[in-house]
Amino acid sequence: MKERVQKFGRFLSGMVMPNIGAFIAWGLIAALFIPDGWLGKWGPAETINQMVGPMLSYLLPILIGYTGGKAVGGQKGAVAGALATLGAIASTESTMFIGAMICGPLGGWCIKRFDRSMEGHIPAGFEMVVNNFSVGIIGGILAVLSIFVIGPACVVVTDVLGSGVSFLVNHGLLPFTAVLVEPAKVLFLNNAINHGVFTPIGTEQAMEAGKSILFMIESNPGPGLGLLLAYCVAGRKETRSSAGAAAFIQFVGGIHEIYFPYVLMNPIVILGPMIGNIVGIFTLSALGGGLVAAASPGSIIAEMLMTPKGGYIANIAGIAVAAVVSFLISAFLLKFFGRDADLAEAQAQVAASKAASKGQAVPAVSAGASVDAKDVRKIVFACDAGMGSSAMGATMVRNKLKDAGVTGIEVIHHPVSEIPGDCQIVVTHHELAGRAAERAPQARIIPIKNFMGAPEYDVLVNELLEAQRGAAAPAPAEAPQAEEAPAAEAPAETLLEKKNILLGCAPVTPEEAIRACGKLMVDSGYVDEAYIQGMLDREASFSVAIGSHVAIPHGTNDVKPLIKRTGVVVMTYPGGIDWNGDKVKLVVGIAAKGDEHLEILGRIVGIASTDEDTDALVASADAETLFKKLNGLA
């Protein structure tokens, strides 16, 4: 039950969190330019204020619907989700945040189901037509459905929730929400509660009243500050010296997670933040405190920026009272009930709890730890563009799983910005791990240093193999089977031409090698000249050296329209290139309009999967051999 609640909460917050910047922008514009705002009397304020209503009614819900649709059904699902959300918006004058949280995932799900039903049934050359019309038709149908069903239903739900909040406020019970909020924060359900529940309802209240106390229930930094200050005074061992720095980070930086280990060391001290928050909310209610929009992160700086004109005394009092009460109770509990504890052990508990809250497997700490194959059905390899390195990594692991006899697991590749929401494991470069975690909070993230021959691949395959061997029963017949790479067909045109295989090149800089690849592509009619700058931009943002002495220069997504036709160029550097700390001997330039290049990348995996393989290939292969091997002719 706990896991289901966590998963649902993560999904709700996952639609709001990526768009929190838009909520903050709305809050700042409202705070500054509404008639009672700081600059409300300024000449252009009335014109600027005209954005406030459309942002709340249209922009924010559509962003939520778009994000929810994309999480479920990718880019097409995002468009369908946005269309469905627009229908809900058109059905009522109420703000459709809840409607967006329904319409977005619904649009993505419908697109996903349609795409699955059409697999293998679309005639060649009609893919774009079917894709575009399916999104338009399904999105249009959902928009109409939303007008007559989803929108009105959400109005009822919103009214009920609003009445519930009003009941708590009118009967003085709102402070007791802290009894649930504070323990939930330590279980990493804070974002789900704050941005999945309080932010949508609070935004509607702020639109009507100019502020909402709901924005401060979870984000109030006072309770955590009081707990950490109590450790500074009454803590033991290394906790006393570390708590001071943690208090500064939590209060000024808004990183509430930093005090969670201190709760886990002595669980009884959760009473301090809990009671502190109760008293803080009571103080805010009595003095009329609240924020104009969500404060993210929950730092004192964000709280003050989101405070409406005339509300500073109330909000500062609410934060200060919460901190003082939390401090006094926590210090008392530590003094009389505290126990010696290992901070490192508690921090490890937090890491495990956070991993569990995101649906990740806890990192193995002993030999034999494995991933339950019943839960792993999709592995995604994610790189910056999803064009080359992730495809090669996916091919390697797909082959390893097949050789090991592991079945029922789909291995695919995607750009890190388009990781599907139904995957359980994401393998990505360690520099992209943070972005991957944001995009796929439900997944276990496996960071690697290179996509070619990473040692983590064998560990992962062994975990999955052992899990399937130890399963009590065979996998159900309906479990999805790993997709085999499509059988190689004779290409309509050769992607790698002999003239574009240059052997024995003299060592150069990475930029010079990229420019040389780009010039070959331009001369062969693969790309416009401006594509070369896109290749350099890709290298500047994320290295195209992927390990095993291989680099695959390619452009960013922004310059993809500059590709005239798919083509590949190959250059060998026997002396090696110092590629930002990596050695590169084989450079494969890629210009890809679709997935035609994946066959060649798969063959590169087969002949250059280790440093030694690549070195031997570069030292011995001639142009004819490379031409035949990479085009599948040998």
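## Close-up views of a predicted model

**View 1. Glu-512 is found in helix 19, which spans residues 510-523.** The structure shown here, as in every view below, is a predicted model. With a relative accessibility of 44%, Glu-512 counts as partly exposed, because that class covers values between the 20% limit for buried and the 50% limit for exposed residues. Along the sequence Glu-512 and Leu-536 are 24 residues apart, and in space their C-alpha atoms are 9.8 Å apart.

**View 2. Ala-245 has its place in helix 10, which is formed by residues 238-253.** The relative accessibility of Ala-245 is 47%, so this residue counts as partly exposed. A second residue to find in this view is Leu-229, which is 16 residues from Ala-245 along the chain, with a separation of 10.0 Å between the two C-alpha atoms.

**View 3. His-549 lies in the loop between strand 6 (545-547) and strand 7 (550-551).** The relative accessible area of His-549 is 13%, and the residue is therefore buried, since buried means a value under 20%. The backbone of His-549 also deserves attention, as its phi is near 65°, a positive value in a residue other than glycine. For comparison, most residues other than glycine have a negative phi.

**View 4. Helix 4 (residues 52-90) and helix 5 (residues 97-118) pack with their axes 9 Å apart.** Two packed helices are described by the angle between their axes and by the distance between those axes. For helix 4 and helix 5 the angle is about 25°, which means that helix 4 is roughly parallel to helix 5, since angles under 35 degrees count as roughly parallel. Helix 4 passes helix 5 in a right-handed crossing. When the residues in the contact of helix 4 with helix 5 are sorted by class, there are 15 nonpolar, 10 polar and 3 charged residues.

**View 5. The whole protein, with 23 helices and 9 strands, gives the setting for the close-ups.** Of the 634 residues in the protein, 50% are buried, and His-549 from the third view is one of the buried residues. Among the contacts with a separation of 6 or more, 74% are between residues 24 or more positions apart. The protein exposes about 28200 Å², and carbon and sulfur atoms supply 62% of this area.

Note on methods:
Residues are numbered from 1 along each chain as its sequence is written. This is a predicted model: local features need pLDDT of at least 70, side-chain atom pairs count only at pLDDT 80 or more; totals for chains, interfaces and linings use all residues. Side-chain values use heavy atoms; hydrogens and water are left out. Axes are lines fitted to C-alpha atoms, for helices over the stretch in contact, and angles run from 0 to 180 degrees between N-to-C directions. Helices (H or I, at least four residues) and strands (E, at least two) are DSSP runs, numbered from the N terminus. Angles under 35 degrees count as roughly parallel, over 145 as roughly antiparallel, 65 to 115 as roughly perpendicular and the rest as oblique. A crossing is left-handed if the near helix is turned anticlockwise from the far one by less than a right angle, and right-handed if clockwise. Ala, Val, Leu, Ile, Met, Phe, Trp, Tyr, Cys and Pro count as nonpolar, Asp, Glu, Lys and Arg as charged, and the others, Gly among them, as polar. Buried means under 20% relative accessible area, exposed over 50%, partly exposed in between (1.4 Å probe, protein chains only). Contact means heavy atoms within 4.5 Å. Accessible areas come from the Shrake-Rupley method with a 1.4 Å probe; for residues, only the protein chains shown count as cover.
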